[in-house]
Amino acid sequence: MWDDQGREYIDCVAGHGVAIVGHCNPKVVRAVRHQAGVLITCPEVFYNDVRARLLERLVSIAPRGLERAFLCNSGTEAVEASIKLARLSTGRSGIVAAVRGFHGRTMGALSATWEPRYREPYLPLVPGFSHVPFNRLAAMEGAVDDNTAAVLIEVIQGEGGVNPATPEYLRGLRALCDERGALLIVDEVQTGFGRTGKLFACEHYDLEPDILCLAKGIAGGLPMGAVLFGGRVANVRPGRHGSTFGGNPLACAAALAAIDYIVEHDLPGQAARKGAWAQERLRGIEARVIRGVRGMGLMIGIDLRVRVTSYLRALMEKGILALPAGRAVLRFLPPLVISDEELAMVCDATEEVLTA
Ligand SMILES: Cc1ncc(COP(=O)(O)O)c(C=O)c1O
């Protein structure tokens, strides 16, 4: 990236994790240019060939059992749709989410988001939401009852500090939801499309969600969200939920190109290899301020003993853009196409900054 003064940066913010295939990926640009000259908008009440191709493609790459899809325009809209689907399907209203979970900023998704700073200015939020500590199955067992429509969870909490779930926890959640008739919604808005080293993070755990929320990198940088769902989700007929812009042909063409690029270039495999290398390199940094390094693939967090802001500024001065996750976690979400050399430069600069 270049700023208005022409200074060059290695961008490990990537539009908050959106630019998985890089900025202005030529395949995406070509597809958007072409589609812009054919048809930009087409409401979902009409058939559209590009949208139909994308829906088929999404279902073909989705984790097992997810054979239906709804298209929208952002992560928070995907989460809203998932909450509505869960309530519609189960006839129950309760949603149990996790402490430090982040699911978006519209009222339903915000009600599932834990961070008080984001919630408190907007109280009262939507009723029926509760939060329990992450990675503690016993807490979830105490919270899921016969009015619980869904458990809503990130496989790796992103904004909450790059915290991966344990395999036992996710296995337990799946069994608990089955036992108590609740749906399991997995929010992969940040982890989806290769970021963690698999196309979807739930594949690391062999986890089969009932509803999967996607957005960020799905359309190569254009706004788009998607909800995939399976046979356990009942009562869903066309028209129960909708969106004017959702599934517009322009975003669909961009998404088809982005997904092709991700699959053709094995970006999940690249993220796994590059992420493993970077995490090992970062773990080797000896600095008093570092509490630990966490992550999966190219979703990496360095947990610091102090506030992160000054380190982000120092990195920016060295030409590296990174982002926080909470107050004390330095987070890297680079495009998955980052080169080995660029990644090494990021790690070298991080070492210099954290040991200065
Ligand atoms: C896990 C998760 N869910 C939902 C969202 C909300 O997505 P959006 O900002 O596109 O509404 C985000 C955004 O960072 C996210 O990380």
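Guide: Axes are lines fitted to C-alpha atoms, for helices over the stretch in contact, and angles run from 0 to 180 degrees between N-to-C directions. Helices (H or I, at least four residues) and strands (E, at least two) are DSSP runs numbered from the N terminus. The model is predicted: local features need pLDDT of at least 70, side-chain atom pairs count only at pLDDT 80 or more, and totals for chains, interfaces and linings use all residues. Residues are numbered from 1 along each chain as its sequence is written, and side-chain values use heavy atoms, without hydrogens and water.

Visitor: At what angle do helix α3 and helix α9 pack?

Guide: Helix α3 covers residues 49-61 and helix α9 covers residues 249-264. Contact (heavy atoms within 4.5 Å) involves residues including Leu 54 and Leu 58 of α3, and Leu 256 and Ile 259 of α9. The axes are 9 Å apart, and the packing angle is about 35 degrees.

Visitor: In which order do the 7 strands of the open sheet run?

Guide: Two strands pair if DSSP finds at least two bridges between them. The pairing here is mixed, and the edge strands, β2 (66-72) and β4 (129-132), each pair on one side only. The twist averages 20 degrees from one strand to the next. The order is β2-β10-β9-β8-β5-β3-β4.

Visitor: Which residue in β10 stands opposite Leu 214?

Guide: Strand β9 takes in residues 211-214, and strand β10 residues 225-230. The two pair in the antiparallel sense over 4 bridges. Opposite Leu 214 stands Ala 226.

Visitor: Which helix packs on the sheet and touches β5 and β8?

Guide: The strands touched are β5 (148-153) and β8 (183-187). The helix spans residues 167-180, and its direction makes about 165 degrees with that of β5. It is helix α8.

Visitor: How much of the ligand's accessible area does the protein cover?

Guide: Residues around the ligand (a heavy atom within 4 Å) include Phe 102, His 103 and Glu 154. Polar contacts (N or O pairs within 3.5 Å) include a ligand nitrogen 2.7 Å from an N or O atom in the side chain of Asp 187, and a ligand oxygen 2.8 Å from a polar side-chain atom of Lys 216. By the Shrake-Rupley method with a 1.4 Å probe, the share covered, out of the 390 Å² that the ligand has on its own, is 81%.

Visitor: Which peptide bond is cis?

Guide: Pro 124 is placed in the loop between α6 (116-119) and β4. Omega is near 0 degrees for the bond from Leu 123 to Pro 124.

Methods. Polar contact = N/O pair within 3.5 Å; in protein donor to acceptor, adjacent residues only side chain to side chain.
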